[in-house]
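User: I would like to work through this protein chain from its overall make-up down to single side chains. Could you take my questions in turn and give the reasoning behind each answer?

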Amino acid sequence: MTRTSLILTFAAVAALAGCNKENHTIVAGPDTGDNTVVAKTPAALPPSVVSSKTYRCADNKIVYVDWLSDNKSANVRTEKEGSLTQVTAAQPGKAMTAAGGYSVEGTSSASTVKIAVPGHASQTCNG
C-alpha cells in the first residue's frame, strides 16, 4: 500500500516538474503588428428565425416558410426537408422576392399570405 502511494506521488511530482511556467503566444501567419483590426470591425449577425409555418395554397400545394427577425426576409421550402430559398424585400412590409420565381407577401402573424414558387403563380395560402 505504501509502495503504491509512493510511486503515485513520484509520478505526480515528475509530471508537474515538466510544466514550464513561461507564457506562450501562438500566432498563425506573419505578425503584421495590427492586432486591433478584428476588434474595430463591427460584426453583423444574420437574422434569426422568428417563426416557422406551414401553408396550404389554393392549388393544394404545401409551402414551408421560416420568417426571419429582420422583418424583410424569409426562407421558403417546397418540401419539408428540401433546400431553402431566401426571399428578401428592400423594406419591411413589402413583398419579398428571389430569383427563379419565388415571392412571399405577408407577415409571420398573418394567417393568410400570398406565395409564388417556380411553376406556380402567386396564390393565397393559409397557415
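User: What share of the 127 residues of the chain counts as buried?

Analyst: The model is a predicted one, and burial here means a relative accessible area under 20%. Applied to the 127 residues of the chain, that criterion gives a buried share of 22%.

User: How many helices and strands does the chain have, and in which pattern do they follow along the sequence?

Analyst: The secondary structure comes to two helices and eight strands. Read along the sequence, these elements follow the pattern α-α-β-β-β-β-β-β-β-β.

User: Which residues have the most contacts inside the largest nonpolar core?

Analyst: The largest nonpolar core has 17 residues, and strands S1 (49-57), S2, S3, S5 (96-98), S6 (102-105) and S7 (112-117) each supply at least two of them. Valine 65, leaving aside its neighbours within four places in sequence, is in contact with residues including Tyr55, Ala74, Val76 and Ile115. The residues with the most contacts inside this core are Val65, Trp67, Val76, Val87 and Ile115.

User: Which residue meets arginine 77 in a salt bridge?

Analyst: A search of the whole structure finds one salt bridge. In general terms, side chains of opposite charge can pair when their charged atoms come close. In this model the N to O distance is 2.9 Å, and the residue whose side chain meets that of arginine 77 is aspartate 66.

User: How many residues apart in sequence are the parts that the pair of arginine 77 and aspartate 66 ties together?

Analyst: The salt bridge joins the side chains of arginine 77 and aspartate 66. Arginine 77 lies in strand S3 and aspartate 66 in strand S2 (residues 62-68), so the parts tied together by the pair are apart in sequence by eleven residues.

User: Is aspartate 66 buried or exposed?

Analyst: A residue counts as buried when its relative accessible area is under 20%. Arginine 77, the partner of aspartate 66 in the salt bridge, meets this criterion with a value of 15%. Because aspartate 66 has a relative accessibility of 10%, this residue too counts as buried.

User: Which residue offers the backbone oxygen that the side chain of arginine 77 reaches at 3.2 Å?

Analyst: Arginine 77 is found in strand S3 (residues 73-77), and beyond its neighbours within four places in sequence it is in contact with Val63, Tyr64, Asp66, Gly82, Ser83 and Leu84. Its side chain makes a polar contact of 2.9 Å with the side chain of aspartate 66. The backbone oxygen reached at 3.2 Å belongs to lysine 80.

Methods: Residues numbered from 1 in each chain as written. Predicted model: local features only at pLDDT ≥ 70, side-chain atom pairs only at ≥ 80, totals over all residues. Heavy atoms only, no water. Helix = DSSP H or I, 4+ residues; strand = E, 2+ residues; numbered from the N terminus. Buried < 20%, exposed > 50% of the residue type's maximum accessible area, 1.4 Å probe, protein only. Polar contact = N/O pair within 3.5 Å; in protein donor to acceptor, adjacent residues only side chain to side chain. Contact = heavy atoms within 4.5 Å. Salt bridge = Lys/Arg side-chain N within 4 Å of Asp/Glu carboxyl O. Core = buried A, V, L, I, M, F, W, Y, C linked by side-chain atoms within 4.5 Å.
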